[in-house]
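Subject: A structure for you to look at

Hello,

Here is the structure I promised to pass on to you. Have a look at it first, and then read on for what I found in it.

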Amino acid sequence: MRKRWLAVAMATTLMFTSIVPSQYLQAALNTDYAKSERGVSKGATQKQTLSKNPLEENSYQEDDEVTIIVELEENSLLERFDSAAGNYQTRTYYTDAETYLDSDEAQLSSEQMIEKQNQVVKSINKKIRTSSNDVLYHYTTVMNGFAIKAKYGQLDEIKKMPEVKTAYVARTYEVVEPNMTTSNQMIDSGVAHDLDYNGEGMVVAILDTGLDTSHEAFSADTLSVDALANLKITESMVSQEVTANNVAAGRYVSDKIPFAYDYADDDSEVTPSKVGVELYGNSHGTHVAGTVAGNSSTI
């Protein structure tokens, strides 16, 4: 199962003990709700401006090779759909942004945008000699642009190209390896524990990059005898809710993890693949779940 860091979203309901109100299972997200949230509107969400990177002036030398994101003047697919100046028939024919983005019309527009982007790349390489003629990424949905490798000193020249709306250095971030041995100390959980706030009787839904359900920290063996004797969310309950379409078609894993669903791949397997963990940092969800509800001396 493919696990992508920039396009992965998963939900796993964890409980500290089984003393949990049963209605919380009803609150698990379903696929219809998740899909309804994918539509993007300018009135509700403004595209984040990344064209001004405060670190650029001090962090790079003229000859440093960087990844530059180039945004073109023409509208992206979402801008075309959402623009008040857009085609009225497009807005009335397609009920929402997701339907439009999945349409043949949008796919054709995307292909045409990429063709024009490639023409701009040729123009850039003709005017200035960049580090590579290859396009690293094409963007057509939220913005109309692409990413290329070039020297930092060439950024101003790229900005001056007639088809270019703006250009900026892509921000990069180092992946921090999760370290559960210091997690409690970092979040000062001891203070809460001293006040008898230990999460008992709570259900926590985690939307992240998945969960290693086989990890010993999430074993049902960590639940107390009293908790096991007073289960509020059972396997039969989950089965009934899934059958009735009250929740997404997830699965019961154990008394510790009563419900799990992968909203990215639309299946019930939430454990990240080895490749996903090594390449995309998909262990983050397990780390977060460990902080919330893990119970093991060897985390």
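Among contacts in the protein between residues at least 6 apart in sequence, what percentage joins residues at least 24 apart? The figure is 77%. Please keep in mind as you read that this is a predicted model.

First, the general picture. The protein has 299 residues, and 36% of them count as buried. Its chain forms 13 helices and 7 strands. About 18,100 Å² of surface is accessible, with carbon and sulfur atoms accounting for 48% of that.

Now to the inside. In soluble globular proteins, nonpolar side chains tend to be buried together. The largest nonpolar core here holds 18 residues, and those touching the most other members are Ile-68, Val-70, Ile-124, Phe-146, Ile-158, Val-164 and Ala-167. Two or more residues each come from β2 (65-72), α6 (104-127), β4 (145-151), α7 (155-159) and β5 (164-169). Strand β2 gives the largest share, 4 residues. Apart from this core lies another one of 11 residues, including Val-203, Val-247, Ala-248 and Phe-259.

Phe-146 is a good residue to click on. Beyond its neighbours within four places in sequence, its contacts include Ile-68, Val-70, Leu-72, Val-121, Ile-124 and Tyr-139.

Next, the aromatic rings, where the count comes to 4 pairs. Tyr-60 and Tyr-152 make a tilted pair, with 5.3 Å from centre to centre and 35 degrees between the planes. These two tyrosines are 92 residues apart: Tyr-60 sits in the loop between α2 (56-59) and β2, and Tyr-152 in the loop between β4 and α7. Tyr-60 is partly exposed because its relative accessibility is 22%, while Tyr-152, at 13%, is buried. Then there are Tyr-261 and Tyr-263: their ring centres are 4.7 Å apart and their planes stand at 75 degrees, so this pair is edge-to-face. Tyr-261 is buried at 4% relative accessibility, and Tyr-263 is buried too, at 8%.

The charged side chains are worth a look as well, since the structure holds 5 salt bridges. In one of them, Lys-165 meets Glu-71, with the closest N and O atoms 3.9 Å apart. This bridge links strand β5, home of Lys-165, to strand β2, home of Glu-71, across 94 residues of chain. Lys-165 is partly exposed, with a relative accessible area of 47%, whereas Glu-71 is buried at 9%.

Glu-74 takes part in two of the bridges I looked at. One is with Arg-80, at 3.8 Å from N to O, and the other is with Lys-116, at 3.1 Å. Glu-74 lies in the loop between β2 and α3 and Lys-116 in helix α6, 42 residues apart. Lys-116 counts as partly exposed at 39% relative accessibility. Through their shared partners, the salt bridges join Glu-74, Arg-80 and Lys-116 into one network.

Finally, the surface. Val-191, Leu-195 and Tyr-197 form a nonpolar patch there, with about 350 Å² of accessible area together. Val-191 belongs to helix α9 (residues 189-194) and is partly exposed, at 49% relative accessibility.

Enjoy exploring it!

Best wishes

Definitions and conventions. Residues numbered from 1 in each chain as written. Predicted model: local features only at pLDDT ≥ 70, side-chain atom pairs only at ≥ 80, totals over all residues. Heavy atoms only, no water. Core = buried A, V, L, I, M, F, W, Y, C linked by side-chain atoms within 4.5 Å. Buried < 20%, exposed > 50% of the residue type's maximum accessible area, 1.4 Å probe, protein only. Contact = heavy atoms within 4.5 Å. Phe/Tyr/Trp six-rings, centres within 6.5 Å; stacked < 30°, edge-to-face > 60°. Areas by Shrake-Rupley, 256 points an atom, 1.4 Å probe, with all protein chains shown as cover. Patch = residues over 30% accessible without salt bridge, like charges linked within 9 Å, V, L, I, M, F, W, Y side chains within 5 Å. Salt bridge = Lys/Arg side-chain N within 4 Å of Asp/Glu carboxyl O.
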